[in-house]
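Open the structure in your viewer and keep the selection box at hand. Each stop below tells you what to pick and what you will find there.

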Amino acid sequence: MSNKFLIPIGPYHPLQEEPELFKLYCDGEIVRDIKWETGYNHRGIEKLAESKTYDQVFFLVERICGICSTSHPFAFANAVEEICRIEITDRAKYIRSIIGELERIHSHLLWAGLAGHFLGYNTVFMWAWKYREPVLDLFEMITGNRNSYAMFKVGGVRRDIENNKIPDILKVMDEVKKKVTLLTGAVMDDPVIHSRTKGVGVLTRQDITDYGAVGPTARASGVAIDIRKDDPYAAYPLVNWKVITAEGGDVFAKAEVRLLEMFESVSIIEQCLEKLRKEKEGDISIKVKEIPEGIGTGRAEAPRGEVFHCVFSDGSNSPVRHKIRAPSYVNIATFRKSCIGQSISDATISLAAVDPCYCCTERLAAAYDEASGKKIFNARELIELSVNKTRLLREQQVR
Amino acid sequence: MAAYLFYFLVFPGLLFAAVTGGVLSWFDRKITARVQFRKGPPLLQPFYDFFKLLLVKETIIPKNGSPVTFLLAPVFGLFGATTAAVFILLPLFNITTGFRGDLLVIFYLLTIPSFSWILGAVASGNPLAAVGGSREMKLILSYELTFLLVIAGVIAKSGQSFDLYSIIQIQKDGAPFIGSISGVLLFIAGIFCIQAKLGLVPFDMAEAETELAEGSFIEYSGPPYAIIKLTKYIMLLILPCLIAAMLMKGFNLTGINILWAVLKVAGIVLLLTLIRNTNPRIRIKQAISFFMIWMNLIVVTAIVLAFFGL
């Protein structure tokens, strides 16, 4: 064991788009132990949310994650609507689901491209991202933004999808379906991809329950958990769709689940658009006068798994406490099961296979001195530092 | 003496091979870009890259490494590649070196860049580079035997001729070796060998950007990295040229035939580019079994067939 050496992945490394540090303790090519450090990206969003009004929090939580930027407002809306005990109009439900599913398509395409890139298969990277473009254009058409759509509010949505836009959306969906079929074929039938991803980073059913993993990571191991089915919200109970699962639990199964989920998403969007035609145009939100006192929990199935928001309200115009748990928070922990015992090449793709999103997951990190085991900085000291700095700045301004 | 220096430094050595290799590198990047729906770099981009590294960028020497080995390793690599370029390109331009048995020397010279990169990687004292270096070493162990057997196959087909000039002449008098079954098998194995030698996907595990962040070369910057780039350009020219000489009767440099010569090299580079754009990176274990079992099997079959004149 003495000849273990450390391979650092991060804080800045081509494997991950975000700053985080994985310490792979390797024996030759084999990973014997793994530790990770996050906290490079902590922005204190939960604390910030307490100083914003409910309408502003939507824009704030949207910025937790750039990729699944609608899942957080989705969960937050569910939470606040639970406090208010209101039921939004059907049209708003359909529009919410359409946005959520479009996001799933673009996020899964993004992952497929990145997974290709991590395997050194840059052609898949470029192609998947090219096919993702029409989806983003569609977002621009519907919401005015390619990312961070600002569509949600308490009691409904901010913009309507006018009926005359529906044929255009359907056309893009047809196109997306064709391209995804092509991509699925290219990935599923490539023997080299098979040999590279099958049996790699396997998570068994037991591991999933032990670690509480969610989303495609869990579904790839045959655990059919999906908040859209388990705790139905928005328009998901109103349309026909099924939860995609795979049995392998390896990287290939995760890719398979994500690719096939895109077809389900397209089908959900098509059904929602059909039903949208029958609803009255412009009936997209109900007026909410005030948020009563209470506790609300909201869940939403983000592309990466369950997003959980818990909101405490005291009847004022901003939440007293806002608790967020993003899917990566539980999924990242599975790395201990999926990476240890693999070679470095396999460990890196296993790291990427859960589609981790670190800035969603960031918690305040306390640094410890390795030699003495003493905490270098804790929360209180950091706050003190920040207060002192503010005081200093103020004094300078006064002068 | 002056002639030798000219051979080594200007034509067909350093200058010629580097410039042509740079253009081929542009070709590779352009094709890659077109395959991936991108626009691709301008023709001079490889040279911009080289001169930026050489003249503008600073050299950072790792604190924990061994600076002399670290800095000299790329130079060794460049010497190896340039000498190999002279030995490969002179016969192709119809100049005999008068050196009987140069094929084996070429084989040794072509391993020098890989070995020097391993040396540089280990001397840098970086754990990622060490892993990259060890992968490169395993890769060399797996493909070198196949590559040697390919050369042996060519020698067998040429009737025990060990120098490249007479191998080309034999093909010019008769038919190119690739026209036979054994020739095709040797060509397939040869293409995979040079793919691995050039460190292109699926055999780029020594660099493995998304695993090791450029692995062996992670600590290189500035002029030493420029030299590595130059070596890579040269290798990108001479390895396809070697295949063209051994199996496709070299070049005939008169009139319209020059176009054919260019097409041969460009065609082989195109093949390499397409392989690298349609495959993911494989594991080092898979690469070893790929060469040790499958490629060796193909080459041995080819040699047996060559003995029966097929």
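The tour goes from a whole chain to a few strands, then to one helix. Keep in mind that this is a predicted model.

**Stop 1: chain A, whole**

Select chain A and show it as a cartoon. You should find 16 helices and 10 strands. The radius of gyration is 22 Å, close to the 21 Å that the globule rule gives for 399 residues, so chain A is as compact as a globular protein of that length. Turn the chain along its principal axes: the C-alpha atoms fill a box of roughly 70 × 70 × 40 Å. Now colour by burial. Of the 399 residues, 49% count as buried. Contacts also reach far along the sequence. Take those in chain A between residues at least 6 apart: 70% of them join residues at least 24 apart.

**Stop 2: strands 1 to 3 of chain A**

Select residues 21-27 of chain A, which make up strand 2. Show the side chains. Which residues form its covered face? They are A:Phe22, A:Leu24 and A:Cys26. The uncovered face holds A:Leu21, A:Lys23, A:Tyr25 and A:Asp27.

Add residues 5-9 of chain A, strand 1. Strand 1 runs antiparallel to strand 2, and 5 bridges join the two. Click A:Pro8: its bridge partner in strand 2 is A:Lys23.

Next add residues 30-37 of chain A, strand 3. Strand 3 also pairs with strand 2 in the antiparallel sense, over 7 bridges. Click A:Tyr25 to find A:Asp33 of strand 3 opposite. Then follow the chain from strand 2 into strand 3. The two form a hairpin, with 2 residues between them. Stop at A:Gly28 in the turn, where phi is positive, about 65°.

**Stop 3: helix 12 of chain B**

Move to chain B and select residues 284-307, helix 12. At 1.5 Å a residue, its 24 residues should span 34 Å; the end C-alpha atoms are 33 Å apart, which agrees. Look along the axis for a kink of about 30°, centred on B:Asn296.

Now show the buried side chains. Among them are B:Ile284, B:Ala287, B:Phe291, B:Met295, B:Ile298, B:Ala302 and B:Leu305. An α-helix has 3.6 residues a turn, so residues three or four places apart point the same way.

What covers these buried residues? Show residues 127-157 and 181-197 of chain B: helix 6 and helix 8 are part of the cover.

Finish just past the helix. Helix 12 is followed by B:Gly309, with a positive phi near 80°.

Methods
Residues numbered from 1 in each chain as written. Chains lettered and ligands numbered in written order. Helix = DSSP H or I, 4+ residues; strand = E, 2+ residues; numbered from the N terminus. Expected span 1.5 Å × (residues − 1). Bend = angle between axes of the 7 residues up to and from the residue. Buried ≥ 20, exposed ≤ 12 C-beta atoms within 10 Å, placed from the backbone. Contact = placed C-beta atoms within 7 Å. Rg over C-alpha atoms; globule rule 2.2 N^0.38 Å. Pairing = 2+ DSSP bridges.
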